Amino acid sequence: MELTDHAYRIQGLALTELAQKYGTPLYVYDGEKIVQQVETLKQAFSGVKLKIKYATKALSNVNILKLMKRAGTGVDAVSIEEVMLCLHVGFEPTEIMYTPNCVSFTEIQEAVGLGVMINIDNIPMLEHFGTTYGGSVPICIRLNPHILAGGNAKISVGHIDSKFGISILQLKHVHKVVEAYGLHVVGLHVHTGSDILDAEVFLKGAEILFEAAAEFSDLNFLDFGGGFKVAYKPGDISTDMKDVGFKVSQAFQDFCASYGKELEIWFEPGKFLVSECGLLLVKANVIKPTPATTFVGVDSGLNHLIRPMMYDAYHGVVNLSRLTGPERVYTIVGYICETDTIAADRKLREVQEGDLLAIKNAGAYGFSMSSNYNSRLRPAEVMLLGGMDYLIRERETFEDILRHQVDVAF
Ligand code: PLP
């Protein structure tokens, strides 16, 4: 978002005009930024055989998926529905990694039927898989390396208390199951969590993965999951992709040399590819001074962007309607009948009723985690590409609230 020619703009398009055209609340995605992020990742790992498996759950609009496909990524899907979405937009089954957890074996069988790569995250499922398929279907195994990654325990998933993956301490057991059923293990996976800043964390995960991988004879790839950090706060630092790319690639090449085969390196970024591309545009409904603060109540809330309330996530806020003038401190809250704080104690250009605010970093886990709580409608989504705006999801209507409800005559 740039302030040029008396307006905040993306690709030359004024955000205030987009809000006028499509209404608020409105999700706006900068498609060019997404493509740029894909390229940055590709360049950082240009020395190795990289496969990007975009974490579909971050933002799963079919047009975003199509854009990813055009940019040359594959996808990671965590539900059978996400697998079907990815197939729907034209990804080949071989481009899709299916990483479920706590699903029924029936769902895994469905995924096998669709021909995608299955990532198995518990030993009973591995045994189930062995009984049904033996070695006839290649698989990946998700390991839990027991690393506490990133600063936020709520989004760290590779530690010992986490439900995800098979503990690295159970590797011996894994081998017994693999041998007993003749399983064909072609990949190993770790995902330690989100907001990982340092190459060191990836290297720590890599070391554990390399040690485990050395004991599997027929691997084609190692998957390091997602978790690259992007900046949310002013002064925040993002993962230094060049540094991570250089160090992890080097370690990976060394491993491949000792393994005796050039494997593929897979990553499953969500936030890195789509967080910064997204804004949630909202309108100030009310400015409400209280003894403690001045609230700005907006026409959105945790039903559209749950991250602040769920993860204590910081999202920058900008008053798009005021380019100059004094700043004041506000707490921006939503209209949901809950505490519903979007951003506390923020300095914004003085807000007046009807002003348009932009909530930043709303691309990842924004719309995809939205709901109809309080029977509110979900926003429209617009994608900007090549200086054009495309409506990629219509705003919901009251009929959508009633859809699937059965009005029983009792
Ligand atoms: N891969 C898996 C298995 C995940 O669970 C997640 C996120 O929770 C991701 C990738 C993407 O993580 P991020 O958006 O932090 O890159």
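Contact here means heavy atoms within 4.5 Å. That cut-off sits behind the neighbour lists in the legends below, and the model they show is a predicted one.

**View 1. Ser371 and its neighbours in a loop.** With that definition in hand, Ser371 touches Asn303, Arg376 and Arg378, once residues up to four places away in sequence are left out. Ser371 sits in the loop between strand 19 and strand 20. Its side chain reaches the backbone nitrogen of Tyr373 at 3.2 Å. For a longer jump along the chain, look at Leu305: it is 66 residues away from Ser371 in sequence, and the two C-alpha atoms are separated by 9.0 Å. Is Ser371 buried or exposed? Neither label fits, because its relative accessible area is 27%, which makes Ser371 partly exposed.

**View 2. Asn374, a positive phi in the loop between strands 19 and 20.** Asn374 is found in the loop between strand 19 (356-359) and strand 20. Its phi is near 65°, a positive value in a residue other than glycine. With a relative accessible area of 31%, Asn374 counts as partly exposed.

**View 3. Glu381, a buried acid in strand 20.** Follow the chain into strand 20 (residues 380-385) and you get to Glu381. Its relative accessibility is 0%, so Glu381 counts as buried. What does the side chain of Glu381 make a polar contact with? The partner is the side chain of Asn61, at 2.9 Å. Ignoring neighbours within four places in sequence, Glu381 is in contact with a long list of residues, including Leu26, Tyr27, Tyr29, Leu59, Phe367 and Arg393. Asn61 is on that contact list too, as are Tyr390, Leu391 and Ile392.

**View 4. The cis peptide bond at Pro25.** Thr24 and Pro25 are joined by a cis peptide bond, with omega at about -10°. Pro25 belongs to the loop between helix 1 (15-22) and strand 4 (26-30).

**View 5. Gln11, another backbone oddity to check.** Which loop holds Gln11? Gln11 lies between strand 2 (7-10) and strand 3 (13-14). Gln11 is not a glycine, yet its phi is positive, at about 50°. Its relative accessible area of 24% puts Gln11 in the partly exposed class.

**View 6. Ser79 just ahead of helix 4.** Ser79 is found in the loop between strand 6 (74-77) and helix 4 (80-88). The side chain of Ser79 reaches the backbone nitrogen of Glu82 at 3.0 Å. Setting aside residues up to four places away in sequence, Ser79 touches Tyr98 and Glu107. At 18% relative accessibility, Ser79 counts as buried, because the cut-off for that label is under 20%.

**View 7. Zooming out to the whole chain.** The protein chain has 12 helices and 21 strands, and its C-alpha atoms fill a box of roughly 70 × 60 × 45 Å along the principal axes. A compact globule of 410 residues would have a radius of gyration near 22 Å, so the 23 Å of this chain agrees. Buried residues make up 55% of the 410. Among contacts between residues at least 6 apart in sequence, 68% join residues at least 24 apart. The chain exposes about 18,100 Å², with carbon and sulfur atoms supplying 51% of it. As for charge, there are 37 positive and 49 negative ones, and their mean positions are 4 Å apart.

Key. Residues are numbered from 1 along each chain as its sequence is written. This is a predicted model: local features need pLDDT of at least 70, side-chain atom pairs count only at pLDDT 80 or more; totals for chains, interfaces and linings use all residues. Side-chain values use heavy atoms; hydrogens and water are left out. Helices (H or I, at least four residues) and strands (E, at least two) are DSSP runs, numbered from the N terminus. The radius of gyration is taken over C-alpha atoms; the globule rule is 2.2 Å times the number of residues to the power 0.38. Buried means under 20% relative accessible area, exposed over 50%, partly exposed in between (1.4 Å probe, protein chains only). Accessible areas come from the Shrake-Rupley method with a 1.4 Å probe; for residues, only the protein chains shown count as cover. Lys and Arg count as positive and Asp and Glu as negative; His and the chain ends are not counted. The place of a charge is taken as NZ of Lys, CZ of Arg, CG of Asp or CD of Glu. A polar contact is a pair of N or O atoms within 3.5 Å; within protein, one must be able to donate a hydrogen and the other to accept it, and residues adjacent in sequence count only if both atoms are side-chain atoms.
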